[in-house]
Amino acid sequence: MTTIQLGSVVFNGFATSGWVFSGLTDWFGQVDNKVPVTQRPQAHGAFSVSRALRSSRAVSFNAAYLGDDSVEVESAVDELAAVGADGPVLMTVTTDAGVSWRWVTVETSSFTDNHGMSHGLVAVDCVARDPRRYADAPWLVTGPPVPGLGLVWPAIWPAIWPGGGSSGRIDLVNSGRASSAPVFGLTGGFESAVITNTVTGARIGFGRALPPTSTVVIDVAERRAIIDGQSDVSRFLQWREWSEVPAGMTVPYQFDVSGAVGSPVLEGRVCSAWW
């Protein structure tokens, strides 16, 4: 059974009381290509393009509240009307295949007067500026590279190479069918740090000293860096070679720091994405 959660309100595919929904539209599937088609004036066909750019997505559904009386219905509708009134909210859809989500703005949730009956009908229209839908992913953690113990010579054969050490890498996996932008968290202390996409060589640097008590979150999709959840420190970003994790791929990211103090940490994750 499919369920929808819009902000704090849950809609069931079937129920005898509370919110139920029908006609979920445009949650799955592709949206329009907004790159215009320019016809060749003196040749067959149109000019070619290197890529497609997708438009925003309009998501809508019809809902009904099944209550004990009209007072309960109006109270439920008032609660729904407050969802998304001040800005984007998280919309989550759960199906037999799993859970996926998008950030949406609620454009309207229009209520049809129930004339005092114990049920009410609402049409909900939302817009997802990012047309992709996502599935949650765990955060992966690493410190800077650490050398292993090494083999002591002269060696006794058969030699057993000692373990230890760390590559200073995290492997971000996008198992979806659309590219997805990662998010990174840098925890100090260090004088500067660099995150390198080892597939393309693209780098994102942070060129400011960061104490061990602070964390900088770098959002690749937004091209921004926020320190301790408060201040924008994007001006300290270096190189800015933004790259996404392609569909169905695993991308290792290398973490390097200068002037390490304590135990610097890189956290990263990428949410698998679909159209």
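## Aromatic cluster

Phe 21 and Phe 61 are both buried. These residues belong to a predicted model, and the aromatic contacts around Phe 61 are described here before the strand pairing and the internal cavity.

The structure contains seven aromatic pairs. In one of them, the ring centres of Phe 11 and Phe 61 are 5.0 Å apart and the planes meet at 70 degrees, so the arrangement is edge-to-face; the cut-off for that class is an angle over 60 degrees. The contact connects distant parts of the chain, since Phe 11 belongs to strand E2 (residues 9-12) and Phe 61 to strand E4 (residues 57-66), 50 residues apart. Phe 11 and Phe 61 are both buried.

A further pair is formed by Phe 21 and Phe 61, with ring centres 6.4 Å apart and planes at 80 degrees, so this pair is also edge-to-face. Phe 21 is located in strand E3 (residues 18-25) and Phe 61 in strand E4, so the contact ties together parts that are 40 residues apart in sequence. One aromatic cluster comprises Phe 11, Trp 19, Phe 21, Phe 61 and Tyr 65.

## Strands E5, E6 and E7

Strand E5 (residues 89-95) and strand E6 (residues 98-112) run antiparallel and are joined by seven bridges. The connection between E5 and E6 is a hairpin of two residues. Within this pairing, Arg 102 of E6 stands opposite Met 91. The side chain of Arg 102 is also involved in a contact with an aromatic ring: its charged end sits over the ring of Trp 27, at 4.4 Å from the ring centre.

E6 pairs in addition with strand E7 (residues 119-128), in the antiparallel sense and over seven bridges. Thr 108 has Asp 125 in E7 as its bridge partner. The hairpin of E6 and E7 has six residues between the strands, and His 115 in this hairpin adopts a positive phi near 55 degrees.

## Strand E10 and its partner E18

In a regular strand, side chains alternate between the two faces of the sheet. Strand E10 (residues 169-174) has a covered face made up of Ile 170, Leu 172 and Asn 174. The uncovered face of E10 consists of Arg 169, Asp 171 and Val 173.

Six bridges connect E10 to strand E18 (residues 249-258), and the pairing is antiparallel. Leu 172, a residue of the covered face, stands opposite Val 251 in E18.

## The six-stranded open sheet

An open sheet of six strands follows the order E9-E19-E11-E14-E15-E16, with antiparallel pairing. Strand E9 (140-142) and strand E16 (231-232) are at the edges and have a single partner strand each, so one side of each lacks a neighbour in the sheet.

Inside this order, strand E14 (residues 215-219) and strand E15 (residues 224-227) pair in the antiparallel sense through four bridges. Asp 219 has Arg 224 in E15 as its bridge partner.

## Internal cavity

The structure has one cavity of 30 Å³ or more. The space in the largest cavity amounts to about 30 Å³.

The lining of the largest cavity is formed by Ile 195, Asn 197, Ala 202, Arg 203, Ile 204, Glu 241, Ser 243 and Tyr 253. By class, these residues are four nonpolar, two polar and two charged. Strand E12 (192-197) and strand E13 (203-206) each contribute at least two residues to the lining.

Note on methods. Residues numbered from 1 in each chain as written. Heavy atoms only, no water. 1 Å grid on protein atoms, 1.4 Å probe; cavity = no way out; pocket = protein on both sides within 12 Å on 5 of 7 lines; lining within 4 Å. Points joined across faces, edges and corners; volume = space filled by probe spheres on them. Nonpolar A, V, L, I, M, F, W, Y, C, P; charged D, E, K, R; others polar. Phe/Tyr/Trp six-rings, centres within 6.5 Å; stacked < 30°, edge-to-face > 60°. Buried < 20%, exposed > 50% of the residue type's maximum accessible area, 1.4 Å probe, protein only. Lys NZ or Arg CZ within 6 Å of the ring centre and 35° of its normal. Pairing = 2+ DSSP bridges.
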